[in-house]
Amino acid sequence: MTTTAGDAISDAEFLRAAEPYRREIVAHCYRMMGSHHDAEDLAQETFLRAWKAYDKFDHRSSVRTWLHKIATNTCLTALQSSQRRPLPSGLGGDAFDPTDDLLQNHEVPWLEPYAGTVDEIAPGDDADPAYVVGARESIRLAFIAALQHLPERQRAVLILRDVLQWRAAEVAETIGVTTATVNSLLQRAREQLKNARPREEDARADASVLDDAAKRELLARYVSAFERYDVDEIAAMFTDKAIWEMPPFTGWYQGPEAIRTLISLNCPAEKAGDQILLPTVANGQPAFGLYMREPDGVHRPFQLQVLDIDPVAGKVRHTVAFFSQTMEEDFARFGLPPTPYDAPQRTAPSPWH
């Protein structure tokens, strides 16, 4: 097929108009899907659909709004044939006994962490500050996990209304329902998520994790405890009701003693130096790539830990330690090297400064 000069100009114009919103659209798809891999695929599909329809775009709305509309409907279609993506603690039932055998379930499509900083998932300085707070905080693991319990349209309405702050009429037009239906869906979604949705005061408090020297010291002590394999010190880093979970393992564990027992009985580490942690950011939260020493003496990717810090207690209140069958590939998505030796992160300032 021959490409004309007009086509080339149109393509270039589309890229200039749409490309600045790519990370934002990936984040939107991630909120909808709970999977970074799915989000990247659906964002790509969104941009392909937008490119094909760009000559019909009437500019009555902004390019950002237009792309979000396409992305929302692309995700809604995908969700019709997808299962929800939980964390183990979201499957129901009580916390597990840490002395029981660990069980894995690779058939469950588990929630995945998001590789991206807060600056990549919210617009620039000219955006509404309330939108920026909502966009950044709504990428946190707890919120994404809570969204998984909502039916597809409730999920879309909640994100469009409460995160993107669209008017009810805009949402109704996007998903093809009445404004009354949007308001009803939003009310039901808010009720179900009332204990999980991020609040602005919590956002300001949790932001201190990134800025407060005392919180950075907490994270440094966390790293030290793991690298020294001091199980008692690891347990002491957690709040009384802290949760530890590690998909695809189906169990979740609550409280410092349960976490201490779990690590003592099941961690492959035996001594100081068996584990090395490098810092990264996942879901806008402090995270670590944990490298485990293997029998040949080389430290290789083992798990990705995503931490939620209680800024009042000054302790960890939730750790999700993600395992996968492609850990090296997953580490690369988070800017982590195949092995930790001589990694710049060992001497450079942490990404949370």
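User: Which residue just after α7 takes a positive phi?

Analyst: Gln165 does. Its phi is about 60°, and Gln165 sits just after α7. Keep in mind that this is a predicted model.

User: How do I read the helix before that residue? What are the length and reach of α7?

Analyst: Compare the span with the expected value. Helix α7 covers residues 152-163, twelve residues in total. From first C-alpha to last it reaches 16 Å, close to the 16 Å expected at 1.5 Å a residue.

User: How many residues of α7 are buried?

Analyst: Start with the cut-off: buried means under 20% relative accessible area. Nine of the twelve residues of α7 are buried, so the helix is largely enclosed by the rest of the structure.

User: Which residues of α7 are those?

Analyst: The buried set is Gln154, Arg155, Ala156, Val157, Leu158, Ile159, Leu160, Asp162 and Val163.

User: Why do residues three or four places apart in an α-helix point the same way?

Analyst: An α-helix has 3.6 residues a turn, so residues at that spacing point the same way.

User: Let me take one residue of α7. Is Ala156 buried or exposed?

Analyst: Ala156 lies in helix α7. Its relative accessibility is 0%, so Ala156 counts as buried.

User: What does Ala156 touch, leaving out residues up to four places away in sequence?

Analyst: Contact here means heavy atoms within 4.5 Å. On that basis Ala156 touches Met32, Thr72 and Leu76.

User: How far is Ala156 from Leu185, in sequence and in space?

Analyst: Read the two distances side by side. In sequence, Ala156 and Leu185 are 29 residues apart. In space, their C-alpha atoms are 9.4 Å apart.

User: Now a helix pair. At what angle do α3 and α4 pack?

Analyst: Take the angle and the axis distance together. Helix α3 (residues 36-53) and helix α4 (residues 63-79) pack at about 125°, with axes 9 Å apart. Angles over 145 degrees count as roughly antiparallel and 65 to 115 as roughly perpendicular, with 125° in neither range; α3 and α4 are therefore oblique to each other. Their crossing is right-handed.

User: Which residues make the contact of α3 with α4?

Analyst: From α3 come Leu42, Glu45, Thr46, Phe47, Arg49, Ala50 and Ala53. From α4 come Trp66, Leu67, Ile70, Ala71, Thr74, Cys75 and Ala78. By class, that contact has ten nonpolar, two polar and two charged residues.

User: And the whole chain? How many helices and strands are there?

Analyst: The chain has 15 helices and six strands. Of its 353 residues, 51% are buried. Among contacts between residues at least 6 apart in sequence, 67% join residues at least 24 apart.

Definitions and conventions:
Residues numbered from 1 in each chain as written. Predicted model: local features only at pLDDT ≥ 70, side-chain atom pairs only at ≥ 80, totals over all residues. Heavy atoms only, no water. Helix = DSSP H or I, 4+ residues; strand = E, 2+ residues; numbered from the N terminus. Expected span 1.5 Å × (residues − 1). Buried < 20%, exposed > 50% of the residue type's maximum accessible area, 1.4 Å probe, protein only. Axes fitted to C-alpha atoms, helices over the stretch in contact; angles between N-to-C directions. Parallel < 35°, antiparallel > 145°, perpendicular 65-115°, else oblique. Left-handed = near helix turned anticlockwise from the far one by under 90°. Nonpolar A, V, L, I, M, F, W, Y, C, P; charged D, E, K, R; others polar.
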